[in-house]
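Please work through the following exercises with the sequence and the model side by side, and attempt each task before reading its solution.

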Amino acid sequence: MVKQSIFGRVAQLAKANINAMLDSAEDPQKMLDQMVRDYTDNIAEAETAVAQTIGNLRMMEEDYTEDVQAASDWGNKALAASGKADEFRSAGDGANADKFDSLAKVAIQRQMQSESEAKSAEPTITSQRDIVDKLKSGLDAMKSKRQQLLSKRDELVARAKSAQAQNQVQEAVKSIDIMDPTSEVSRFEEKIRREEARVRGAAELASSSLDAQFNSLEDLGEQTEIEARLAALKAPKSAPSITTGAGE
């Protein structure tokens, strides 16, 4: 019962599925930190209980040692009183001999009482020693579990931060895909191409107009020549001049 009362809550915490508990947590790191604090508090409580149990054991051991020592002391006193009684009896002093025999009996009675108390304490001490050993082992296991929890917390916090960072990168990539800056460049390039096409069109149009003007000039020159030749045809012909010889 003592062991169960000390380790009951801690055992439940040690058996808890940390990952499952984290699934519903808004902030896994805060939850893990709280679990570490709770576990640490339970360990401190267990340490206090174990220390008290050890203290009680040490008191029983001290009492046992005192009883054993008392039994030995009373045995020595009984032996001394009995020896003194024998001396008085050898000297013919029966009264003092009886007196010291009575004292020896009292000492023997006290010796037996101390031996009985020491013997009755032995099973309890043995049991308490076994309990203390188990409590110490349990406490060591709790501290080991706490270290595992700390390592698990660090691992899960690192994984959570990594997942958060990856999510941020993915969101950034999505934003880039949605608002692709290259699409703006493409639109700008298309605008420039349209402007270049317009300039080429204007140049081509200007070139066509100039050719037309030159063609008009050529047509005008040809017409002028036609008119000139027609005029020449219509001009009166002058009579040819007759030249006579001087000797005729």
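The exercises below go from confidence and overall architecture to salt bridges, the nonpolar core and single residues.

The model is a predicted one, in which local features need pLDDT of at least 70 and side-chain atom pairs count only at pLDDT 80 or more, whereas totals for chains, interfaces and linings use all residues. Residues are numbered from 1 along each chain as its sequence is written, and side-chain values use heavy atoms, with hydrogens and water left out.

**Exercise 1. Confidence**

Task: Establish where in the protein the confidence is lowest and where it is highest.

Solution: Begin with the average pLDDT (the predictor's confidence in each residue, from 0 to 100), which is 79 for the protein, with 74% of the residues scoring at least 70. Next, turn to the helices, which, like strands, are DSSP runs numbered from the N terminus (H or I and at least four residues for a helix, E and at least two for a strand). Helix H1, residues 2-15, has the lowest confidence with a mean of 52, while helix H3, residues 28-90, has the highest at 91. Finally, look at residues 242-248, where pLDDT stays under 50 and where the model has 0 contacts beyond four places in sequence; a contact here means heavy atoms within 4.5 Å.

**Exercise 2. Architecture**

Task: Describe the order of the elements from the N terminus on, and determine what share of the contacts with a separation of 6 or more joins residues 24 or more positions apart.

Solution: The protein has 5 helices and 0 strands, and its elements accordingly read α-α-α-α-α from the N terminus. Among contacts with a separation of 6 or more, 78% are between residues 24 or more positions apart. As for the surface, the protein exposes about 18600 Å², of which carbon and sulfur atoms supply 54%; these areas come from the Shrake-Rupley method with a 1.4 Å probe, and for residues only the protein chains shown count as cover.

**Exercise 3. Salt bridges**

Task: Find which parts of the chain are tied together by the pair Arg153 and Asp33 and by the pair Arg129 and Glu61.

Solution: Apply the rule that a salt bridge is a side-chain nitrogen of Lys or Arg within 4 Å of a carboxyl oxygen of Asp or Glu, by which the count comes to 12. One of these joins the side chains of Arg153 and Asp33, with 3.2 Å from N to O. Because Arg153 lies in helix H4 (residues 94-178) and Asp33 in helix H3, this pair ties together parts that are 120 residues apart in sequence. A second pair, Arg129 and Glu61, meets at 2.9 Å from N to O, and since Arg129 lies in helix H4 and Glu61 in helix H3, the parts so tied are 68 residues apart in sequence. Then compare accessibility, where buried means under 20% relative accessible area, exposed over 50% and partly exposed in between (1.4 Å probe, protein chains only): Arg129 is partly exposed at 42%, whereas Glu61 is buried at 17%. A further step is to follow Asp33, which is linked with Arg153 and Asp154 in a network of salt bridges. By contrast with the pairs that tie H4 to H3, Glu87 bridges to Lys84 with the closest N and O atoms 3.7 Å apart, and these two residues, 3 apart in helix H3, are separated by about one helical turn.

**Exercise 4. The nonpolar core**

Task: Identify which elements give two or more residues to the largest nonpolar core.

Solution: A nonpolar core is a set of buried Ala, Val, Leu, Ile, Met, Phe, Trp, Tyr and Cys residues joined through side-chain atoms within 4.5 Å. The largest one has 12 residues, among them Leu32, Tyr39, Ile43, Leu139, Leu150 and Val157. The elements that give two or more residues to this core are H3 and H4. Val157 also shows contacts with Gln29 and Leu32, once neighbours within four places in sequence are left aside.

**Exercise 5. Two residues of helix H4**

Task: Decide whether Ala118 is buried or exposed, and list which residues Ser114 is in contact with beyond four places in sequence.

Solution: Ala118 lies in helix H4 and is buried, with a relative accessible area of 5%. Its C-alpha atom is separated by 5.1 Å from that of Tyr64, 54 residues apart along the chain, and Ala118 touches Tyr64, Asp67 and Val68 when residues up to four places away are not counted. Ser114, likewise in helix H4, is buried at 8%, and beyond four places in sequence Ser114 is in contact with Asp67, Ala70, Ala71 and Trp74.
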